[in-house]
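Student: I would like to go through this model from its overall packing down to its core. Can we take it step by step?

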Amino acid sequence: MNTLNIGLVGYGFMGRTHSNAFHQAPRFFDLPMRPVLKAVCARNPERLRTFASNWGYESVETDWRALVDRKDIDLIDIASPNDTHHEIAIAAAKAGKMVMCEKPLGRDAKEAEAMVEAVESAGVANSVWYNYRRVPAVTMLKQLIDEGRLGRVFHYRAKFLQDWTISQDLPQGGEGLWRLDVKVAGSGVTGDLLAHCIDTALWLNGPITDVTAMTETFVKARKHNLTGRIEPVGIDDASAVLSRFANGSMATFEATRYARGHKALYTLEINGEHASAFWDLHDLHRIQYFDHADEGRVRGWRNIHVTDGDQPYMKRWWVPGLQIGYEHTFIHQFADFCCGIEDGTGAAPSFRDALATDYVTDAILASARSGKWEAVAS
Ligand code: SOE
């Protein structure tokens with residue numbers, strides 16, 4: 001069996017989710033190649049060694065360029081902060097490596113366009129880790145929609161709520177807090193949390209054509225960890241969006257880090273002519289499903305527990321009725337990526353698919369600035 005030699009950049013939260021996927025995917029899925037955790041790259045040598053030994057990486061690098069230059073690496077996986085995605089992905093593609101990249105693809109669509117151009121002209125397999133597509137219940141929802149069970153779609157509604165940045169004393173910048181630093185992150189909740197809602201929406205319900213949005217920055221200045229100074233905050237703390245889809249349906253999207261009590265509440269609902277469906281990350285195995293074709297007397301919201309062998313991904317796991325979790329979404333994506341390598345595609349969302357999300361988030365931020373409806377580029 002061929003091997004797939006992986007070089008990971010970044011050892012934070014996402015470095016862990018990806019490393020776990022590299023280990024678990026071949027144990028539960030029939031992969032056409034054997035993943036080898038060849039090298040991990042980050043800046044702090046001591047922490048790097050601890051991470052490498054904990055996750056079983058064969059070697060370490062402290063400069064991503066050295067990693068990209070290595071002849072024994074097939075796949076560069078980018079799990080470092082957003083401002084690094086663009087340069088690393090382009091260099092990796094030029095070096096002929098396959099590339100997987102954390103979301104969002106670029107800090108804006110301009111960066112993402114260059115990344116798409118790089119992987120497509122190099123002809124290398126690529127994928128962006130919008131992991132929620134591979135919650136089995138969400139994948140099944142996609143199947144139900146594609147089978148036409150919902151009929152014409154009227155409404156799409158999604159929100160992603162957190163509360164971890166409410167304190168005025170929370171600094172911005174540096175490790176663990178780069179998401180608050182606009183130069184590193186590109187934007188705030190729009191590129192971070194809302195981007196998940198947009199990726200799923202584009203996948204389930206097709207292209208978004210127009211948006212109008214408001215954003216707010218509730219805390220205007222924070223101490224910057226790298227300079228020690230109080231600096232203006234450039235990110236959006238909250239984002240509220242109305243949008244139109246090409247299929248004629250309309251949507252509302254909301255993302256915030258100021259919804260006290262909510263840690264990661266991602267919910268979505270889709271209302272069609274024949275049926276409606278609702279999904280909630282906190283109850284990720286379930287789809288609430290209403291089918292108007294049911295006999296009137298017993299018609300109502302079904303609560304479908306997506307754990308059975310004929311439901312997406314589940315025959316690979318335990319026995320019907322037993323649940324899996326958040327980390328499995330990354331395992332599914334990596335397994336799909338390995339299976340997609342042979343035809344040169346990798347796994348959706350590709351860089352090009354993820355560029356579409358960046359076009360929508362750019363239009364949202366533009367609309368928040370202009371106060372007008374903005375057309376989404378394509
Ligand atoms: C932010 O707190 C964050 O970690 C996002 O960056 C992830 O993409 C999301 O899945 C969970 O929340």
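Student: What percentage of the residues in the chain is buried?

Tutor: This is a predicted model. Buried here means under 20% relative accessible area. Of the 378 residues in the chain, the buried ones make up 57%.

Student: How does the radius of gyration of the chain compare with the globule rule, and what does it say about compactness?

Tutor: The chain holds ten helices and 17 strands. For 378 residues the globule rule gives 21 Å, and the chain is as compact as a globular protein of that length because its radius of gyration is close to that, at 21 Å.

Student: Among contacts between residues at least 6 apart in sequence, what share joins residues at least 24 apart?

Tutor: A contact needs heavy atoms within 4.5 Å. Counting contacts in the chain between residues at least 6 apart, the share that joins residues at least 24 apart is 69%.

Student: Which residues touch the most other members of the largest nonpolar core?

Tutor: This core has 76 residues. Its largest share, nine residues, comes from helix H8, residues 189-205. A second, separate core has 38 residues, including Met14 and Phe29. In the largest core, the residues that touch the most other members are Tyr156, Phe253, Trp279 and Phe351.

Student: Leaving aside neighbours within four places in sequence, which residues is Trp279 in contact with?

Tutor: Trp279 is one of the residues that touch the most other members of the largest core. Beyond four places in sequence, Trp279 is in contact with Tyr132, Val135, Ala137, Val138, Tyr266, Thr267, Leu268, Leu284 and Arg286.

Note on methods
Residues numbered from 1 in each chain as written. Predicted model: local features only at pLDDT ≥ 70, side-chain atom pairs only at ≥ 80, totals over all residues. Heavy atoms only, no water. Helix = DSSP H or I, 4+ residues; strand = E, 2+ residues; numbered from the N terminus. Rg over C-alpha atoms; globule rule 2.2 N^0.38 Å. Buried < 20%, exposed > 50% of the residue type's maximum accessible area, 1.4 Å probe, protein only. Core = buried A, V, L, I, M, F, W, Y, C linked by side-chain atoms within 4.5 Å.
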